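Open the model in your viewer and keep the selection tool at hand. We will go from stop to stop, choosing residues as we go.

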There are 2 protein chains.
Amino acid sequence: MRRDVFQAIADPTRRAIILLIALQAMTPNAIAQHFDTTRQAVSKHLRILTECQLVKQKQSGREIYYELNETRMKEIDKWLEQFRKIWESRFNELDKVLLTIKNKKK
Amino acid sequence: MRRDVFQAIADPTRRAIILLIALQAMTPNAIAQHFDTTRQAVSKHLRILTECQLVKQKQSGREIYYELNETRMKEIDKWLEQFRKIWESRFNELDKVLLTIKNKKK
DNA sequence: TAGTTATGAAACCATTCGGTTGCAAATATA
DNA sequence: TATATTTGCAACCGAATGGTTTCATAACTA
């Protein structure tokens, strides 16, 4: 059973849950009210999100508030960073080429 | 059959393929040599990546060069942008609170 | 032209996924 | 204490996923 952030955000319901609790920590019951599924299905999603540490739990009596773990979210950004670097360096290459052309003209 | 960027990048092999062709456009055969699977499996991954427009094809005789579609990649970044905004506004809220405390002290 | 190479598509298979229902445990409340 | 509420977990089910093997087609090449 693979459990990483990318697999976690692959499901649209989970992405919606993430967005919900990003705005405000919520209990499973409260979250489930926003969706057209059973509370248990939401509970399963929360388990997956917990397993890859995208969400944190805060117990308050019998209620459990789920909140987003920003650090883990930033891992997705870190993955994208690779590509930004690649594109940037490619842009610099293009820059060099343009500079060469410019110098040849002189 | 759902076909969106998030489902596409959920698979680790597909993420590796994306990184490979981000550096240089490649043919399916060349890509497959980097992995421990059959060419056909890679071909399937490329189909999925094509379907959600994460990659573009460039035919050259009987060879097909696959290259990354940067625009689609930026959609992932756009999704993350939401959260940056939420966190930022939350930070500003905190800022307001701190300002209020500061003013009360005066 | 005959044979090789590059590629995609179809059929099949075991595993995973996302959902459901039913149940048990812990906490709150009358 | 008896009842209601909040939650997680297990068992089950149909669909999707990722892989394989086999095959057809198009394009190079000897």
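Select Asp77(B), which is partly exposed at 22% relative accessibility. This is a predicted model. Now add Arg84(A): the two residues form a salt bridge, with the closest N and O atoms 2.7 Å apart. The pair crosses between chains, from helix α5 (residues 70-105) of chain B to helix α5 of chain A. Arg84(A) is also partly exposed, at 26%.

Stay in helix α5 of chain A and pick Glu75(A) and Arg72(A), three residues apart and so about one helical turn from each other. Their side chains form a salt bridge at 3.2 Å, N to O.

Next, go to helix α4 (residues 39-51) of chain B, where Glu51(B) and Arg47(B) sit four residues apart. They too form a salt bridge, at 3.3 Å between the closest N and O atoms. Arg47(B) is exposed at 54%. Now display the network in which shared partners link Asp77(A), Glu81(A), Arg84(A), Asp77(B), Glu81(B) and Arg84(B) through salt bridges.

Which residues have the most contacts inside the largest nonpolar core? Select Met73(A) and Met73(B); that core has 54 residues. Contacts of Met73(A) include Leu54(A), Trp79(B) and Phe83(B).

Move to Arg14(A), in helix α2 (residues 12-23) of chain A. Arg14(A) is buried but has no salt bridge; Asp11(A), the nearest side chain of opposite charge, is 4.6 Å away. Show the backbone oxygen of Gln7(A): the Arg14(A) side chain reaches it at 3.4 Å.

Finish at strands β1 (residues 55-60) and β2 (residues 63-68) of chain A, an antiparallel pair with six bridges. Lys56(A) stands opposite Glu67(A). In the hairpin, Gly61(A) has a positive phi near 70°.

Technical notes: Residues numbered from 1 in each chain as written. Chains lettered and ligands numbered in written order. Predicted model: local features only at pLDDT ≥ 70, side-chain atom pairs only at ≥ 80, totals over all residues. Heavy atoms only, no water. Core = buried A, V, L, I, M, F, W, Y, C linked by side-chain atoms within 4.5 Å. Buried < 20%, exposed > 50% of the residue type's maximum accessible area, 1.4 Å probe, protein only. Contact = heavy atoms within 4.5 Å. Pairing = 2+ DSSP bridges. Helix = DSSP H or I, 4+ residues; strand = E, 2+ residues; numbered from the N terminus. Lys, Arg positive; Asp, Glu negative; His and termini not counted. Salt bridge = Lys/Arg side-chain N within 4 Å of Asp/Glu carboxyl O. Polar contact = N/O pair within 3.5 Å; in protein donor to acceptor, adjacent residues only side chain to side chain. Lists of a residue's contacts leave out its neighbours within four places in sequence.
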